[in-house]
Amino acid sequence: MKNTIRSFELTFNNNQRLIKKQINFQKHDESTNQDLQQIEEVKSTTKTQRIAHHSHIKGLGLQEDGTALENASGMVGQQIAREAAGIFVDLVKSKKLAGRALLMAGPPGTGKTAIALAVAQELGSKVPFYPMVGSEVYSAEVKKTEILMENFRRAIGLRIKETKEVWEGEVTDLKTEEKDDQTGYGKVVSAVVITLKTSKGSKTLKLDPSIHENLTREKVTIGDVIYIEANSGNVKRVGRCDIYNSEYDLEAEEYVPLPKGDVHKKKEIVQDVTLHDLDVANAKPQGGHDFVSLMNQLNKKKKTDITDKLRGEINKVVSKYIDQGVAELVPGVLFIDECHMLDIEAFTFLNRALESTLAPIVILATNRGQSQIRGTDIVSPHGLPVDLLDRLLIIRTTPYNLEDIIKILAIRAQTEGIKISEDALQDLSSIGNEASLRFAILLLTPANILAQTSGREEIGRQDIQEVHELFLHAKQSSKVLEQQADKYIS
């Protein structure tokens, strides 16, 4: 007997509901054979973080009373700024932040981006954090306000809770059945046979070959704890079963206990998406599949504006789901570095957007002092309009001293797996104190290459001296330009 149940997919219809549920599931007799149909799911469009120099940052490094430790969680120095950021995090968590925005102001290389990333770490791994640079808004394809709105909605998460029918357990056996390809070349997967084990028993399932791609993508192996959604065939690897905890396995993200209950069960699934994910999923054209439709799609520009009408409809459905308790809104963090690159139109948009009920926490960062607001003749602090500055909490960062630079360089060397002698570390720190911390960090890898070329595993003083002669920092380059001004075109 076959039962048809409606399955889940995101679609948009102006006259009906925005999000429909349609589940296609075919269930045969109570044998171990199951036939699952795979459907398209909304994939997150969140970008990979562009920040590479701050991979060692794990948090603000604060004690329970809110005071900053000298060296903790990858953070060094900047105690006042970190303590202020800790209070900012508490305001966000308690939902008592009135302005919903923060400005990090300080000279270059003083840890503004690091503190912003640490704030996101303190808020939690499930809180969306989206970094951008002010100059990103100047695109030839899309309006700058559209880019800002898109990034705003990337930083607003929606946590959807659903009860789904799943098969869950530890994988004790996994093999594929193959058949000859219809084209006559080689073989293709005809079915996947998998055995799942729980504390109550085990079951062997025969799955559709489309599930094989999901298992491969999740890198499922024997000993992993997984669950398979009955309606869509999606596979989720939960972790490695804790009975293998004594093994040395680099691929295991975490160890989890053996699932309890039956293999076939109903389970509450929590799915995290952003509002921008919903925008993109519902903005896809529902055109035909003929040749003309295909050519029209190819001729379209790569990036198109999502209309305010579409976003308004999505906001209505999201608000309805929140009121029903089906979903929960998770305001994230939008980090705008070099915010002085925005112009007066973008600042006006920010003023309005921050007043919206659907707005993330915005952290701005700038290294400018008194400077001109882009697009005007007005000179203002940090290059920001005064009316926007009135909305912001401002945290000031100060230059690092020599001791802090030594500690930061030591952490970076350890993070990158580079060995450096104490004398070389002192010399490199002196260069960083004279030029900038960023320049000193950039010299680490070239110095390591020079040491390895000479047959040494540890960076020595001679490597630092040689690499310092090869590369100039900004102050040295400026001095050369002054001395040889007649040889350059001005």
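This report walks through a sheet, a helix pair and a few buried residues in a predicted model.

**The sheet and its helix**

Let us begin with the strands. Strands of a sheet pair through backbone hydrogen bonds, either parallel or antiparallel. Here, five strands form an open sheet in the order 6-15-16-5-19, and their pairing is parallel. At the edges sit strand 6 (129-133) and strand 19 (393-396), each of which pairs on one side only. On average, neighbouring strands of this sheet are turned by 20° against each other, direction ignored.

Inside that order, strand 5 (residues 101-105) and strand 16 (residues 361-366) run parallel and are joined by five bridges. If you would like a pair to look up in the viewer, try Leu102, whose bridge partner in strand 16 is Ile363. Helix 1 (residues 79-93) packs on the sheet, where it touches strand 5, strand 16 and strand 19. The direction of helix 1 makes about 155° with that of strand 19.

**Two helices side by side**

Two packed helices are described by the angle between their axes and the distance between the axes. For helix 11 (residues 422-434) and helix 14 (residues 461-470), the axes come within 8 Å and cross at roughly 25°. Because angles under 35 degrees count as roughly parallel, helix 11 is roughly parallel to helix 14.

Which residues meet there? From helix 11 come Asp423, Ala424, Asp427, Leu428 and Ile431, and from helix 14 come Arg461, Ile464, Gln465 and His468. The residues of this contact divide into four nonpolar, two polar and three charged.

**Phe347 and the cysteines**

Phe347 belongs to helix 8 (residues 344-353). Leaving aside neighbours within four places in sequence, Phe347 is in contact with Cys339, Leu342, Ile373, Gly383, Leu384, Pro385 and Leu388. One of these partners, Ile373, is 26 residues from Phe347 in sequence, and the two are 9.6 Å apart in space, C-alpha to C-alpha.

Is Phe347 buried or exposed? Phe347 is buried, because its relative accessible area of 1% falls under the 20% cut-off. The table sets Phe347 beside two cysteines.

| Residue | Relative accessible area | Class |
|---|---|---|
| Phe347 | 1% | buried |
| Cys241 | 0% | buried |
| Cys339 | 0% | buried |

Cys339 thus appears twice in this section: as a contact of Phe347 and as a buried residue. How many disulfides does the whole structure hold? A search finds zero.

How values were computed. Residues numbered from 1 in each chain as written. Predicted model: local features only at pLDDT ≥ 70, side-chain atom pairs only at ≥ 80, totals over all residues. Heavy atoms only, no water. Axes fitted to C-alpha atoms, helices over the stretch in contact; angles between N-to-C directions. Helix = DSSP H or I, 4+ residues; strand = E, 2+ residues; numbered from the N terminus. Parallel < 35°, antiparallel > 145°, perpendicular 65-115°, else oblique. Contact = heavy atoms within 4.5 Å. Nonpolar A, V, L, I, M, F, W, Y, C, P; charged D, E, K, R; others polar. Buried < 20%, exposed > 50% of the residue type's maximum accessible area, 1.4 Å probe, protein only. Disulfide = S-S within 2.5 Å. Pairing = 2+ DSSP bridges.
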